[in-house]
Amino acid sequence: MSNKNSQGMEFLTSLPRRWVTIYIPLILMLIVLLFPFYWMGITAFKPNEELLSRSGNPFWLINPTLAHFNKLLFHTSYPQWLWNTILVSVCATFISIFASVLAAYAIERLRFRGSKVMGMMIFFAYLVPPSIIFIPLASIVFEYGLFDTRMALILTYPTFLVPFCTWLLMGYFRSIPFELEECAMIDGATRWQILTKIILPLAVPGLISAGIFAFTLSWNEFIYALTFVSSSEIKTVPVGVITELVEGDVYHWGSLMAGALLGSLPVAFIYSFFVEYYVSGMTGSVKE
Amino acid sequence: MKSLSLMERFQSNRHALGYAFMVPAILLLAGLLAYPLGLGTWLGFTDAKIGRSGEWIGIENFKYLITDSVFLLSVFNTLFYTVVASIAKFVLGLWLAMLLNKNLPFKSFFRAVVLLPWIVPTALSAIAFWWIYDSQFSVVSWMLTRMGLIDRYIDFLGDPWLARMSVIIANVWRGIPFVAISLLAGLQTISPSYYEAASIDGATPWQQFRFITMPLLTPIIAVVMTFSVLFTFTDFQLIYVLTRGGPLNATQLMATLAFQRAIPGGSLGEGAAIATMMVPLLLAAIMFSYFGLQRRAWQQGADK
């Protein structure tokens with residue numbers, strides 16, 4: 001990854017050539033990738049008259065307004081949805097990390113009878129998409145009286161988080177040398193002490209990656225939250241914005257966009273602090 | 001020798017301890033993943049409705065579905081959506097990865113920004129696309145009118161084929177970052193000395209791409225595209241937000257149809273049957289993208 005090595009033969013290409021083949025396509029792609037966010041942001045601050053006029057330049061706003069945010073925060077259940085999303089994401093993340101750390105350590109280091117098979121099964125579990133099992137899961141949620149509760153989401157989100165986190169943590173645990181564990185064992189440490197005092201402190205980057213991933217995935221979850229919850233006070237941000245801010249044929253574009261913007265900012269904010277962990281988690285899990 | 005207490009014996013037996021450590025994960029995955037998977041298949045053979053457990057009716061649901069034109073259309077839509085979006089994501093993603101792999105200023109900044117569409121909730125970024133595709137106030141239509149290319153605003157989500165292409169574009173927009181950043185990680189593992197040797201031998205950039213980059217990248221491409229196909233095939237939120245399967249079921253995917261029949265429609269059995277029928281198609285798609293690409297890697301003699 002070091003810059004000195006990736007120089008290659010690039011000194012052979014001239015500057016104008018680099019502009020045409022690299023910079024211009026790259027800038028165009030970045031504009032396309034970022035435009036919806038710009039559009040989201042600018043629409044959220046536009047007064048309705050500007051939104052619904054075709055004459056002015058739509059790329060700029062003349063009279064920025066906070067009316068949409070005002071409506072969103074004080075006249076809808078949006079703050080409640082935000083709180084639900086945070087609560088559900090944090091709980092689901094902690095449950096998943098707890099289960100995944102134990103499972104990954106057992107599979108990777110205890111190597112119990114059948115651990116190979118278990119590892120494969122975890123991988124296959126990762127391949128099961130939520131859109132295939134949400135219908136039977138809905139009937140299970142209903143049967144246990146969890147329908148329309150936050151608990152339904154907190155318990156079902158780990159089904160897609162645990163396989164991913166376990167897989168990711170297995171990779172991290174594998175990179176920790178065995179010798180450290182052997183030393184601790186000679187000194188009389190139990191497996192539990194080894195896990196909490198040696199392995200976990202060394203696997204902190206892996207834990208952060210797994211945590212960030214689990215958090216963003218639960219924040220983004222849609223189909224379970226749409227199916228298992230029906231009252232407004234329990235909804236998460238993505239579901240609440242889609243189902244409650246769209247009223248009949250009158251779309252309140254301003255508040256829709258303000259809702260989308262506010263709902264995206266927390267994940268974008270957390271992500272900006274942990275980009276490196278996020279990227280290493282994503283690429284690490286793909287490379288396995 | 002000191003006799004070990006039961007607790008100590010348990011702690012030193014790695015098999016017993018291993019099973020104990022697996023308990024939370026297994027409980028979650030067996031109860032809320034494996035069991036629903038089985039239950040879903042079973043529901044597919046019943047006439048269950050919401051609030052009423054169903055009776056076994058054999059393959060009735062499946063027999064009905066294969067004559068149902070809406071279902072057949074949704075199968076076509078799903079395949080079309082998956083194939084077109086995956087190819088577009090692969091081509092553009094690989095291109096972006098190669099651009100980012102060049103010696104750039106602010107490299108890590110670019111990489112961070114590129115991933116944004118991937119981390120923002122799809123349902124929320126889809127709202128931005130909904131507004132961009134609006135039939136009366138679309139900014140794309142506005143630009144095209146100003147350039148004098150069209151004289152009427154385009155109804156992006158109102159016409160069957162336009163709607164299909166519009167949702168595919170939104171899906172590609174969201175999927176490119178994942179493909180690009182994963183492939184970039186693969187590109188960074190290729191030693192630059194191959195390229196140096198090739199350019200000394202007079203290889204053109206295309207030859208370098210074709211005979212160095214592609215073969216060495218193929219194993220990672222196989223994994224990345226398998227995941228990409230998986231995500232695209234089972235996509236739900238984007239369609240639900242943008243079109244809800246309309247116009248005239250032109251963008252109805254199997255996942256959205258299953259939802260529509262099962263939850264608002266109340267026919268859990270029929271919805272479960274649709275979801276069950278996704279499984280063999282999904283497996284075929286995964287096998288195709290994974291083994292198809294792997295085989296090429298093997299033929300070209302690239303080691304894993």
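This passage describes a kinked helix and two loop residues of chain A, followed by the domain arrangement of chain B. The model is predicted, so that local features need pLDDT of at least 70 and side-chain atom pairs count only at pLDDT 80 or more, whereas totals for chains, interfaces and linings use all residues. Residues are numbered from 1 along each chain as its sequence is written, with chains lettered from A and ligands numbered from 1 in the order in which they are written.

Helix H6 of chain A comprises the 14 residues 130–143; helices are DSSP runs (H or I, at least four residues) numbered from the N terminus. Its end C-alpha atoms are 19 Å apart, in agreement with the 20 Å expected at 1.5 Å a residue, the expected span being 1.5 Å times one less than the number of residues. A kink of about 35° is centred on A:Pro136, the bend being the angle between axes fitted to the seven residues ending there and the seven starting there. Twelve of the 14 residues of H6(A) are buried, so the helix is largely enclosed by the rest of the structure. A residue is buried if 20 or more other C-beta atoms, placed from the backbone, lie within 10 Å of its own, exposed if 12 or fewer, and partly exposed in between.

A:Arg111, in the loop between H4 (78–110) and H5 (115–126) of chain A, has a positive phi of about 45°. A:Asp148, in the loop between H6 and H7 (150–156) of chain A, has a positive phi near 65°.

Chain B is divided into domain 1 (1–44) and domain 2 (61–299), with bounds from an automatic or database domain assignment. Their C-alpha centres lie 37 Å apart.
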